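User: I would like to learn how to read helices, burial and surface patches in a model. Please take them in turn.

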Amino acid sequence: MKKVFFALAVVAMFSFVACNGNAAAEDTTAAVEPAIEEVAPEATEEATEAVEGAVEEGAAEAEAVVAE
C-alpha cells in the first residue's frame, strides 16, 4: 500500500512540474495586427447597386410565385 501512495505522489510531482505548478495562465503569444485593406468607394457603390438589383429581382420573382 505504501508503494502505491509513493507511486501516486511521484506521478503527482511530475504532473505539477509539467504544468509549471501555476494556476495563473500567462499570455505568451504576441498580438498579431490584422492586415486591413482599404476598399475603394467605387467598388462599394457598385456592390451596393448589385445587391439592390438582386433584391429587387428576388422580390419580383417572389411576387410572381405568390400570384400563381
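Analyst: The turns below go through these features one by one. This is a predicted model, in which local features need pLDDT of at least 70, side-chain atom pairs count only at pLDDT 80 or more, and totals for chains, interfaces and linings use all residues. Residues are numbered from 1 along each chain as its sequence is written, and side-chain values use heavy atoms, with hydrogens and water left out.

User: How many helices and strands are in the protein chain?

Analyst: Helices (H or I, at least four residues) and strands (E, at least two) are DSSP runs, numbered from the N terminus. The protein chain has 2 helices and 0 strands.

User: What span should helix H1 have?

Analyst: The expected span is 1.5 Å times one less than the number of residues. For the 17 residues of H1 (residues 2–18) that gives 24 Å, and the end C-alpha atoms are 24 Å apart, which agrees.

User: Is H1 largely in the open or buried?

Analyst: Buried means under 20% relative accessible area, exposed over 50%, and partly exposed in between (1.4 Å probe, protein chains only). H1 lies largely in the open, because 0 of its 17 residues are buried. Of the 68 residues of the protein chain, 0% count as buried. Leu8 lies in H1 and counts as exposed at 53% relative accessibility.

User: Where is Glu49 placed?

Analyst: Glu49 is in helix H2 (residues 41–67), and is exposed, with a relative accessible area of 56%.
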